[in-house]
Amino acid sequence: NSVTSIGERAFSSCHSLKSIIIPSGVVSLGRVAFYNCSSLSSISLPNSMTTIGDQAFLCCKSLDSIVIPNGVTSIEYSTFGECFALKSVTIPNSVTSIGDGAFEYCSSLNKVVCKAVLVPSTTANVFRNVPTSSAVLYVPDESVDIYKYMDPWDDFGTILPISQLPTDVENVQTIGGMDPSKK
C-alpha cells in the first residue's frame with residue numbers, strides 16, 4: 001500500500017506476465033513500464049493514477065482492452081502502440097491531449113469511448129494504421145458534431161453519442177475483464 005509510483009522499465013519485457021492489478025494509491029506509471037510484455041492480457045489501473053508514461057504499454061501484443069483512469073490528463077507518445085489485440089479503449093473526460101502514435105498499429109481496435117466533452121488535442125498519427133473506418137467512436141452526446149469534423153476523429157466510420165453505448169461496458173473500471181474489487 002505504500003507504493004505510489006511504478007518506475008521506468010519496471011516490468012519491461014516480462015514475457016510471462018499475464019495480468020496485474022495495480023493497487024489504489026499508485027499515481028504514476030513510468031515510461032516503458034510494461035513495454036514488450038507480450039503475454040499481458042489484462043491490467044487494472046487505479047483511479048488514483050494521474051500519469052502514464054510514454055510507451056508504457058508499447059508492444060503489449062495480448063492486451064485486449066483498456067480503461068484509462070479519470071485522473072489521467074494526457075496519453076503520451078506511443079503509450080499503446082503495437083497492441084495488436086487491443087479492441088476497446090475508454091478515454092476519460094480528464095484527458096486533454098493524446099500524443100503522436102498513442103494507438104498506432106492497434107489493428108484490432110474497433111471501439112473507442114472518449115468521454116472528453118472538449119476534443120483532446122492530437123496529431124494526425126494518433127491512430128496510424130488502425131482500421132478507424134470500420135471502428136465505432138462513442139463521445140459525449142453534446143460533442144458528436146464537433147468530433148465529426150476534427151482530425152483524426154473524423155476518420156472513424158461511425159461516431160455515436162455515449163448514450164447509445166451498450167451498458168455492459170460503459171461504467172466498468174476494468175481492463176481485460178478483471179474487476180479490481182474482486183482480488
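Helices and strands here are DSSP runs, with at least four residues (H or I) for a helix and at least two (E) for a strand.

**Figure 1. The whole chain, with one helix and twelve strands.** This is a predicted model. Going along the sequence, the elements come in the order β-β-β-β-β-β-β-β-β-β-β-α-β. A compact globule of 183 residues would have a radius of gyration near 16 Å, and the protein chain agrees with that at 15 Å. The C-alpha trace spans about 45 × 30 × 25 Å along its principal axes. Of the 183 residues, 46% are buried. The accessible surface adds up to about 8,100 Å², and carbon and sulfur atoms own 49% of that. Take the contacts between residues at least 6 apart in sequence, and 39% of them join residues at least 24 apart.

**Figure 2. Phe80 and Phe103, a stacked aromatic pair.** The structure holds nine aromatic pairs. In this one, the Phe80 and Phe103 rings sit 5.4 Å apart, centre to centre, with 5° between the planes. The pair ties together distant parts of the chain, 23 residues apart: Phe80 comes from the loop between β7 (74–75) and β8 (88–91), Phe103 from the loop between β9 (97–98) and β10 (111–114). Both Phe80 and Phe103 are buried.

**Figure 3. Phe127 and Trp153, an edge-to-face pair.** Here the centres are 5.5 Å apart and the planes make an angle of 70°. Again the pair links distant parts of the chain, with the two positions 26 residues apart: Phe127 is in the loop between β10 and β11 (136–139), and Trp153 is in the loop between α1 (144–147) and β12 (158–161). Phe127 is buried, and so is Trp153. Zoom out a little and ring pairs join Phe11, Phe34, Phe57, Phe80, Phe103, Phe127, Tyr147, Trp153 and Phe156 into a cluster.

**Figure 4. Leu29 in the largest nonpolar core.** This core has 46 residues, and Leu29 is listed among those with the most contacts inside it, along with Phe34, Phe57, Phe80, Leu86, Ile91 and Phe103. At least two core residues come from each of β8, β10, β11 and α1. What does Leu29 touch, leaving aside neighbours within four places in sequence? The contacts are Ile6, Ile22, Phe34, Met49, Thr51, Ile52, Gly53, Ala56 and Phe57.

**Figure 5. Cysteines without a disulfide.** Searching the whole structure turns up zero disulfides. Why is Cys14 not bonded to Cys37? The closest cysteine sulfur to that of Cys14 is the one in Cys37, but at 5.1 Å it is too far for a bond, given that a disulfide needs the two sulfur atoms within 2.5 Å. Cys114 is in no disulfide either, and its nearest cysteine sulfur, in Cys106, is 15 Å away. As for cover, Cys14 is partly exposed at 30% relative accessibility, while Cys114 is buried at 0%.

**Figure 6. Gln55 and its surroundings.** Gln55 belongs to the loop between β5 (51–52) and β6 (65–67). Is Gln55 buried or exposed? Its relative accessible area is 15%, so Gln55 counts as buried, the cut-off being under 20%. Not counting residues up to four places away in sequence, Gln55 is in touch with Arg31, Val32, Tyr35, Tyr77, Ser78 and Thr79.

Conventions:
Residues are numbered from 1 along each chain as its sequence is written. This is a predicted model: local features need pLDDT of at least 70, side-chain atom pairs count only at pLDDT 80 or more; totals for chains, interfaces and linings use all residues. Side-chain values use heavy atoms; hydrogens and water are left out. Rings of Phe, Tyr and Trp (its six-membered ring) pair if their centres lie within 6.5 Å; planes under 30 degrees apart count as stacked, over 60 as edge-to-face and the rest as tilted. Buried means under 20% relative accessible area, exposed over 50%, partly exposed in between (1.4 Å probe, protein chains only). A nonpolar core is a set of buried Ala, Val, Leu, Ile, Met, Phe, Trp, Tyr and Cys residues joined through side-chain atoms within 4.5 Å. Contact means heavy atoms within 4.5 Å. The radius of gyration is taken over C-alpha atoms; the globule rule is 2.2 Å times the number of residues to the power 0.38. Accessible areas come from the Shrake-Rupley method with a 1.4 Å probe; for residues, only the protein chains shown count as cover.
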